[in-house]
Amino acid sequence: MYTLEDLKAIMEKLRSENGCPWDRVQTHESMKKYLVEECAEVLEAIDNQDTMNLCEELGDVLYQIMIHSEIEKEKGNFTVDDVIDGICQKMVRRHPKVFGGSELPEGLEGTELWEEIKRREREK
């Protein structure tokens with residue numbers, strides 16, 4: 001079974017000089033329509049309760065995340081590891097009842113708590 005490390009190596013190879021001519025020339029702008037299409041296909045699979053297709057379509061969305069991250073890695077801006085770190089930090093920060101951490105606003109639950117934490121993040 002392939003791993004995230006394998007996927008990172010595959011993306012790097014696809015975008016390399018000896019990789020895929022199509023993947024190599026893609027930009028954020030050229031990939032926008034595919035991201036929208038793939039997200040729509042995920043929604044369709046969910047609506048159809050088609051778990052086999054959902055798995056495939058989620059992979060296609062993951063490809064989108066990987067190619068956009070690889071483009072930014074090539075520019076020296078960030079990597080997919082930074083994307084993963086960022087979302088992990090956000091999920092931990094925004095779920096203090098699960099992971100602990102910062103003081104909790106009194107009496108807030110669920111969406112209200114999430115929104116209050118987001119508001120506080122923007123203030124910083």
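**Close-up views of a predicted model**

**View 1. Helices α3 and α4 lie roughly antiparallel to each other.** The model shown here, and in every view below, is predicted. The angle between α3 and α4 is about 160°. Angles over 145 degrees count as roughly antiparallel, so the pair falls in that class. The two axes are 8 Å apart. The crossing of α3 past α4 is left-handed. What kinds of residues make up the contact of α3 with α4? By class, 13 are nonpolar, four are polar and six are charged. Helix α3 covers residues 28–47, and helix α4 covers residues 51–75.

**View 2. Helices α1 and α4 cross at roughly 60°.** Helix α1 spans residues 4–15. The axes of α1 and α4 come within 10 Å. How are α1 and α4 oriented to each other? They are oblique, because an angle of roughly 60° lies outside the parallel, perpendicular and antiparallel ranges. The crossing of α1 and α4 is right-handed.

**View 3. Residues of α1 meet residues of α4.** On the α1 side, the residues are Leu4, Leu7, Lys8, Met11, Glu12 and Arg15. On the α4 side, they are Leu62, Tyr63, Met66, Ile67, Glu70, Ile71, Lys73 and Glu74. Sorted by class, this contact holds eight nonpolar and six charged residues, and no polar ones. Look for Leu4 and Leu7 among the nonpolar residues of α1. Look for Lys73 and Glu74 among the charged residues of α4.

**View 4. Lys32 and Glu29 form a salt bridge in helix α3.** How many salt bridges does a search of the whole structure find? The count is 11, and this view shows one of them. Here the N to O distance is 3.1 Å. Lys32 and Glu29 are three residues apart in α3, which means that about one helical turn separates them. Lys32 is partly exposed, at 46% relative accessible area. Glu29 counts as exposed, at 58%.

**View 5. Glu72 and Lys75 form a salt bridge in helix α4.** The closest N and O atoms are 3.5 Å apart. Again, the partners are three residues apart, so about one helical turn lies between them. Is Glu72 buried or exposed? Glu72 is buried, with a relative accessible area of 9%. Lys75 is exposed, with a relative accessible area of 52%. The salt bridge therefore joins a buried residue to an exposed one.

**View 6. Glu123 and Arg119 form a salt bridge in helix α7.** Helix α7 runs over residues 110–123. The closest N and O atoms of the pair are 2.2 Å apart. Glu123 and Arg119 are four residues apart, so about one helical turn separates them. Glu123 is exposed, with 58% relative accessible area. Arg119 is partly exposed, with 34%. Elsewhere, Glu5, Lys8 and Asp81 are joined into one network by salt bridges that share partners.

**View 7. Glu17 sits in the loop between α1 and α2.** Helix α2 covers residues 21–25. Glu17 is exposed, with a relative accessible area of 72%. How far apart are the C-alpha atoms of Glu17 and Ser30? They are separated by 19 Å. Along the chain, Glu17 and Ser30 are 13 residues apart.

**View 8. Gln49 has a positive phi.** The angle is about 50°. Gln49 is not a glycine. Where is Gln49 placed? Gln49 lies in the loop between α3 and α4, the two helices of View 1. Gln49 is exposed, with 72% relative accessible area.

**View 9. Val92 lies in helix α5.** This helix runs over residues 80–93. Val92 is partly exposed, with a relative accessible area of 39%. In sequence, Val92 and Trp22 are 70 residues apart. In space, their C-alpha atoms are 37 Å apart.

How values were computed:
Residues are numbered from 1 along each chain as its sequence is written. This is a predicted model: local features need pLDDT of at least 70, side-chain atom pairs count only at pLDDT 80 or more; totals for chains, interfaces and linings use all residues. Side-chain values use heavy atoms; hydrogens and water are left out. Axes are lines fitted to C-alpha atoms, for helices over the stretch in contact, and angles run from 0 to 180 degrees between N-to-C directions. A crossing is left-handed if the near helix is turned anticlockwise from the far one by less than a right angle, and right-handed if clockwise. Contact means heavy atoms within 4.5 Å. A salt bridge is a side-chain nitrogen of Lys or Arg within 4 Å of a carboxyl oxygen of Asp or Glu. Buried means under 20% relative accessible area, exposed over 50%, partly exposed in between (1.4 Å probe, protein chains only). Angles under 35 degrees count as roughly parallel, over 145 as roughly antiparallel, 65 to 115 as roughly perpendicular and the rest as oblique.
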